[in-house]
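Grab a pencil and have a look at the model below. Try each exercise yourself before reading its solution.

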Amino acid sequence: MKPQRTRSQERIFNLLKTMNRAISAQDIYVELRNRDQNLGLATVYRSLDALKLEGVVQVRTLATGESLYSSVLEDQHHLTCLNCGQSIPIDECPVHQLETELQSYHHFKIYYHTLEFFGICDRCAAAEEKEKAGTTKRF
Ligand SMILES: [Zn+2]
Ligand SMILES: [Zn+2]
């Protein structure tokens, strides 16, 4: 049975499909306003919830607590730096096979999964090293 989507849900879903990155609800609200498709922020959140349950939208939560939404077609994982917050996309999905196995073993329809790696990027690591070296060198 194809779920009956509201016009707001359609707008948001179409927007997410055209974005090639995950965006926050606030950004969705702004993007829609830029396209003359104004929706209230509360409607954006409500529609996102409905699309999530439908299994076509996924959400990933950043270390900052911010939630980013994207269309489920994209199975993308990231390395996120805890210091500067930059997210580096990784090419492959390390758990794709596991998902297939879980699905058949538990007879559970998996819509999406999230997998995040947190740490320090090389730029921040280098800056930290420099800082350490600087503080030990007293004049
Ligand atoms: Zn960093
Ligand atoms: Zn994946």
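What follows is a set of worked exercises on sheets, a helix and a few cysteines.

This is a predicted model, in which local features need pLDDT of at least 70, side-chain atom pairs count only at pLDDT 80 or more, and totals for chains, interfaces and linings use all residues. Residues are numbered from 1 along each chain as its sequence is written, while chains are lettered from A and ligands numbered from 1 in the order in which they are written.

**Exercise 1. Work out the strand order of the antiparallel open sheet, and say which strands stand at its edges.**

Solution. Start with the terms: helices (H or I, at least four residues) and strands (E, at least two) are DSSP runs, numbered from the N terminus. Two strands count as paired if DSSP finds at least two bridges between them.

Step 1: look at β1 (residues 23–24) and β3 (residues 67–71), which pair in the antiparallel sense over two bridges. Ser24 has Leu68 of β3 as its bridge partner.

Step 2: turn to β2 (residues 57–61), which is joined to β3 by five bridges, again antiparallel. Here Arg60 stands opposite Leu68. The two strands form a hairpin with five residues between them, and Gly65 in the turn has a positive phi of about 95°.

Step 3: put the pairs together, and the order is β1-β3-β2. β1 and β2 each have a single partner strand, so one side of each is left without a neighbour in the sheet.

**Exercise 2. Find the buried residues of helix α3 and say what they pack against.**

Solution. Step 1: check the helix itself. α3 (residues 41–54) has 14 residues and reaches 20 Å from its first C-alpha to its last, close to the 20 Å expected at 1.5 Å a residue. That expected span is 1.5 Å times one less than the number of residues.

Step 2: sort by burial. A residue is buried if 20 or more other C-beta atoms (placed from the backbone) lie within 10 Å of its own, exposed if 12 or fewer, and partly exposed in between. Val44, Ser47, Leu48 and Leu51 come out as buried in α3. Looking down the helix axis, the buried residues fall within an arc of 105° (taken from the directions from the axis to the C-beta atoms), so they line one face of the helix. Ala42 and Leu53 are exposed, on the face turned away from the buried side.

Step 3: list the packing partners. The buried residues pack against α1 (7–18), α2 (25–34), β2 and β3. Contact here means that the C-beta atoms of two residues, placed from the backbone, lie within 7 Å.

**Exercise 3. Describe the surroundings of Val56.**

Solution. Step 1: walk off the end of α3, where Gly55 follows with a positive phi near 85°. Val56 lies in the loop between α3 and β2.

Step 2: count neighbours. Val56 has 19 other C-beta atoms within 10 Å, which means that Val56 is partly exposed.

Step 3: name the contacts. Not counting residues up to four places away in sequence, Val56 touches Phe13, Leu51, Ser71 and Val72.

**Exercise 4. Where do the cysteines of the annotated "binding site" sit?**

Solution. Step 1: get the sites. The unreviewed UniProt entry puts "binding site" on Cys81, Cys84, Cys121 and Cys124. UniProt positions are given in the numbering used here, feature names are shortened, and annotations may be inferred rather than shown by experiment. These residues spread over 44 residues of sequence but cluster in space, with a largest C-alpha distance of 8.2 Å.

Step 2: place Cys81, which stands opposite Gly119 in β6. β4 (residues 77–81) and β6 pair in the parallel sense over four bridges.

Step 3: place Cys84, in the loop between β4 and β5. Cys84 has 11 other C-beta atoms within 10 Å, so Cys84 is exposed. Leaving aside neighbours within four places in sequence, Cys84 is in contact with Cys121 and Cys124.

Step 4: finish with Cys124, in helix α5 (residues 122–136). With 16 other C-beta atoms within 10 Å, Cys124 is partly exposed. Cys124 touches Cys81, Asn83 and Cys84, not counting residues up to four places away in sequence.
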